[in-house]
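Hello,

Here is the structure I promised to pass on. Please look it over first; my notes follow below.

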Amino acid sequence: KFQDTSTSNKQHKFWETQPVGQFKDVGDSSLPEGPIELPKPLSEVKQEPYNLPNLYEWTVCVMDSDEICNEVYVLLTNNYVEDDDNLFRFNYSKEFLRWALHPPAYYQSWHIGVRVKSSKKLVAFITGIPVKMRVRDEIVKMAEVNFLCVHKKLRSKRLAPVMIKEVTRRIHLENIWQAAYTAGVLLPTPVITCQYWHRTLNPKKLIDVGFSRLGDRMTMSRAIKLYKLPSSTSTPGLRKMELCDVPAVTRLLKNYLSQFVVAPDFDDNEVEHWLLPQENVVDSYVVDSQDTHEITDFISFYTLPSSILNNQNHSILKAAYSFYNVSTRVPLLQLMNDALIIAKQKDYDVFNALDVMENESFLKELKFGQGDGQLYYYLYNYRLRNALKPSELGLVLL
Ligand code: NHW
């Protein structure tokens, strides 16, 4: 196959106008690190929303409302991200969406929908949440932008750029000028290019639904044996995280994340929000050393099922995604093996992890297989001298 160079030569009529690293500047190390544009006085930020095509109107999606949360859930379930072969589509649960969008000090106005004026049908969505991000030794207030979705029937009409400009405007109104986001598509210009790795927990189902294939000289019974896990975890003192663990986990996490070039800076409230276990949303376990009653390690994963499109026998793939893990006393390999065991006990089909942080150190040994496709991380209005390696990144976006 010819190498596809069209991606980076492609015109980006919208992204060329935005304060992001441009492809033509890649490798130009004379450009300074930091903000690309300076903040404007808030009085100079556009006060009225951007214009939508005439049939549509803006709406704020108040996710506390069961009715609105359900509308968002239905839009995303039918129209959000699919894999390249259109076999699977993310199926974020309603509880997950509420969790993802209601961190401490979130802004309601950043949960933006588009409705058809006449029918009020919700047809597009984009969100931001606030985060304090550390880049090298600076803490930068940023937004994390996620859940950009345009109904399948309204694609390729340049609605996405209007939505991105509108969320940008509302973020600017809160005096925030930087953002972080990820995408599976290549845009100007990634700061890190990552890959997903997948640890099979339920080989039979993954093969049945086309998620994985039996390799050469592999039979179903061999695959089942290969991926078999012990029935219980091996680390003494491993238990579910509780509210009283929040200060200790915050300390562990802060210290651990300080080694990465880009990482969030979480306080106790954020750790409570992001890591305290919530059934079918986020799972966290700590190692409580029995002698000193110190919390020495922890592991976490979030739950993001995918709809299985067009399969007779199965409709949902239950996937766990590695979130934040800190090892100080127990080897990371052993902790992650325990994470796999827990996920297997809870009936997940697959455990996914990116090659960020120190994950490379356990992926191969714990029988993760490399996924196809890339996940690109981007920063808006913040330039880094060079792209980073995945192991320099301490950030997981949902
Ligand atoms: S990535 C998931 C994105 N969503 C999906 O893939 C769901 C399925 N697809 C769709 O719904 C996680 C549509 O295809 C979407 C595009 C809506 C993706 N990021 O309206 P047009 C996130 O949510 C550019 C950014 O005709 P469409 C992160 C594309 O390159 N840009 O396309 C979101 C082109 O621009 P160009 C994307 O297919 C981060 C233009 O959109 C993109 O009908 C957002 C075409 O628009 C993507 N994933 O709708 C940025 N996909 O310049 C936040 C396409 O190349 C930035 N495009 O001509 C920060 C803002 C805050 C700053 C604060 C200071």
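**V20 and its surroundings**

V20 lies in the loop that links α1 (6-9) to β1 (56-60). Helices (H or I, at least four residues) and strands (E, at least two) are DSSP runs, numbered from the N terminus. The model is predicted: local features need pLDDT of at least 70, side-chain atom pairs count only at pLDDT 80 or more, and totals for chains, interfaces and linings use all residues. Residue numbers start from 1 along each chain as its sequence is written.

Is V20 buried or exposed? V20 is buried, because 21 C-beta neighbours sit inside 10 Å. The cut-offs: buried means 20 or more other C-beta atoms within 10 Å of the residue's own, exposed means 12 or fewer, and partly exposed is in between, with C-beta atoms placed from the backbone.

Which residues does V20 touch, beyond those within four places in sequence? The contacts are W15, P188, T189, Y378 and Y380. Contact means C-beta atoms, placed from the backbone, within 7 Å. V20 and A263 are 243 residues apart in sequence, and their C-alpha atoms are 19 Å apart in space.

**Around the ligand**

The ligand has 36 residues around it, and H12, F14, L148, A160 and A179 come nearest. β5 (138-150), α4 (159-172) and β6 (178-183) are the elements that each give two or more residues to this shell. A residue counts as near if its C-beta atom, placed from the backbone, lies within 6 Å of the molecule or strand.

By type, the shell holds 24 nonpolar, 8 polar and 4 charged residues. Nonpolar covers Ala, Val, Leu, Ile, Met, Phe, Trp, Tyr, Cys and Pro; charged covers Asp, Glu, Lys and Arg; the others, Gly among them, are polar.

**A three-stranded sheet**

One open sheet has 3 strands in the order β2-β13-β14, with antiparallel pairing. Its edge strands are β2 (88-90) and β14 (316-317), each paired on one side only. Strands pair if DSSP finds at least two bridges between them. β13 (residues 306-308) and β14 run antiparallel and are joined by 2 bridges. S307 has I316 in β14 as its bridge partner.

**The whole chain**

The chain has 10 helices and 18 strands. Buried residues are 34% of its 398 residues. Of the contacts with a separation of 6 or more, 74% join residues 24 or more positions apart. Along its principal axes, the C-alpha trace spans about 60 × 50 × 50 Å. The radius of gyration is 22 Å, which agrees with the value near 21 Å for a compact globule of 398 residues. That radius is taken over C-alpha atoms, and the globule rule is 2.2 Å times the number of residues to the power 0.38.

Best wishes

Technical notes: Contact = placed C-beta atoms within 7 Å.
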